[in-house]
Amino acid sequence: MIRATDVKGQYPWKEPAVDTVVLDFDDRHRRRMAMTGTRGLEFLLDLENAVALRGGDALVLEDGRLIEVVAAPEPLIEIRGSDPTHLVRVAWHLGNRHLPTQIVGKGLRIRRDHVIEDMVRGLGARVIAIEAPFDPEGGAYAAVVETHDHGHHGHDHGAHDHAGHDHSKHEPAAAHVHDEHCGHDHGHDHHGHSHAHDHK
């Protein structure tokens with residue numbers, strides 16, 4: 001099985017990607033794992049160290065071909081405070097519990113957790129159930145995906161051509177909000193696009 005042994009950071013790459021993997025937050029922080037792309041290409045992620053992948057990164061195969069990483073939508077909650085000070089107070093409580101947290105606009109996003117949701121409501125904040133890619137703050141000790149210099153720094157990101165494929169078929173759009181009227185089964189699996197298997 002061909003291996004992916006390196007990572008290119010978000011869209012500094014000009015080469016077309018030959019396949020795509022759609023991964024949730026957990027599967028975007030691995031060192032070694034078998035994967036199958038949306039087009040059926042099977043490969044082994046085999047990095048020297050685990051790195052925090054983000055949507056738009058590319059995995060580099062041994063033969064130089066690229067696999068695009070897309071962040072999968074996940075069940076999250078978005079937390080809104082009455083004012084910035086209130087939101088900072090809520091953020092302090094989340095950080096005190098070492099919860100991965102994403103900062104977005106005027107709110108915070110965390111994974112669904114009924115205990116934490118009750119705590120946040122108890123602090124007077126509003127809780128909104130959504131589905132969206134989860135990209136939390138890395139923290140002081142997070143691994144960083146370095147951007148490698150391959151002579152593409154003059155590349156226009158807005159004109160990037162991802163192998164001519166249609167991103168609307170696999171790239172998450174705006175967050176999808178759920179409430180008691182949405183009629184969706186919140187227990188569905190978001191991994192229909194790609195398969196990931198841990199190697200012990």
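**Exercise 1. Classify the accessibility of S82 and place the residue in the chain.**

Solution. Start with the value: S82 has a relative accessibility of 62%. Next, apply the cut-offs: buried means under 20% relative accessible area, exposed over 50%, and partly exposed in between, with a 1.4 Å probe and protein chains only. S82 therefore counts as exposed. For the place, S82 lies in the loop between strand 7 (73–80) and helix 1 (84–96). Helices (H or I, at least four residues) and strands (E, at least two) are DSSP runs, numbered from the N terminus. Finally, the C-alpha atoms of S82 and R126 are separated by 8.4 Å, and these residues are 44 apart along the chain.

The model is predicted: local features need pLDDT of at least 70, side-chain atom pairs count only at pLDDT 80 or more, and totals for chains, interfaces and linings use all residues. Residues are numbered from 1 along each chain as its sequence is written, and side-chain values use heavy atoms, with hydrogens and water left out.

**Exercise 2. List the elements of the chain and state what share of residues is buried.**

Solution. The count comes to 2 helices and 12 strands. Read from the N terminus on, their order is β-β-β-β-β-β-β-α-β-β-α-β-β-β. Of the 200 residues of the chain, 42% count as buried. As a last step, take the contacts (heavy atoms within 4.5 Å) between residues at least 6 apart in sequence: 72% of them join residues at least 24 apart.

**Exercise 3. Describe how helix 1 and helix 2 meet.**

Solution. First, the geometry: the axes of helix 1 and helix 2 (residues 114–122) come within 10 Å and cross at roughly 150°. Axes are lines fitted to C-alpha atoms, for helices over the stretch in contact, and angles run from 0 to 180 degrees between N-to-C directions. Second, the direction: helix 1 is therefore roughly antiparallel to helix 2 (under 35 degrees is roughly parallel, over 145 roughly antiparallel, 65 to 115 roughly perpendicular, the rest oblique). Third, the residues: V90, H93 and L94 of helix 1 meet I116, M119 and V120 of helix 2. By class, this contact has 5 nonpolar, 1 polar and no charged residues. Nonpolar are Ala, Val, Leu, Ile, Met, Phe, Trp, Tyr, Cys and Pro; charged are Asp, Glu, Lys and Arg; the others, Gly among them, are polar.

**Exercise 4. Examine H98 and L99 in the loop after helix 1.**

Solution. H98 lies between helix 1 and strand 8 (102–104). Its phi is positive, about 55°, although H98 is not a glycine. Most residues other than glycine have a negative phi. H98 is exposed, at 72%. L99 lies in the loop between helix 1 and strand 8 as well, and is partly exposed, at 26%. Not counting residues up to four places away in sequence, L99 touches L94 and I116. The C-alpha atoms of L99 and P136, 37 residues apart along the chain, are separated by 9.4 Å.

**Exercise 5. Find the aromatic pair and say which parts it ties together.**

Solution. A search of the whole structure gives 1 aromatic pair. F25 and F134 form this pair, with 5.3 Å centre to centre and 70° between the planes, which is edge-to-face. Rings of Phe, Tyr and Trp (its six-membered ring) pair if their centres lie within 6.5 Å; planes under 30 degrees apart are stacked, over 60 edge-to-face, the rest tilted. F25 lies in the loop between strand 2 (17–23) and strand 3 (32–36) and F134 in the loop between strand 10 (126–133) and strand 11 (176–178), so the pair ties together parts 109 residues apart in sequence. F25 is partly exposed at 23%, whereas F134 is buried at 0%.
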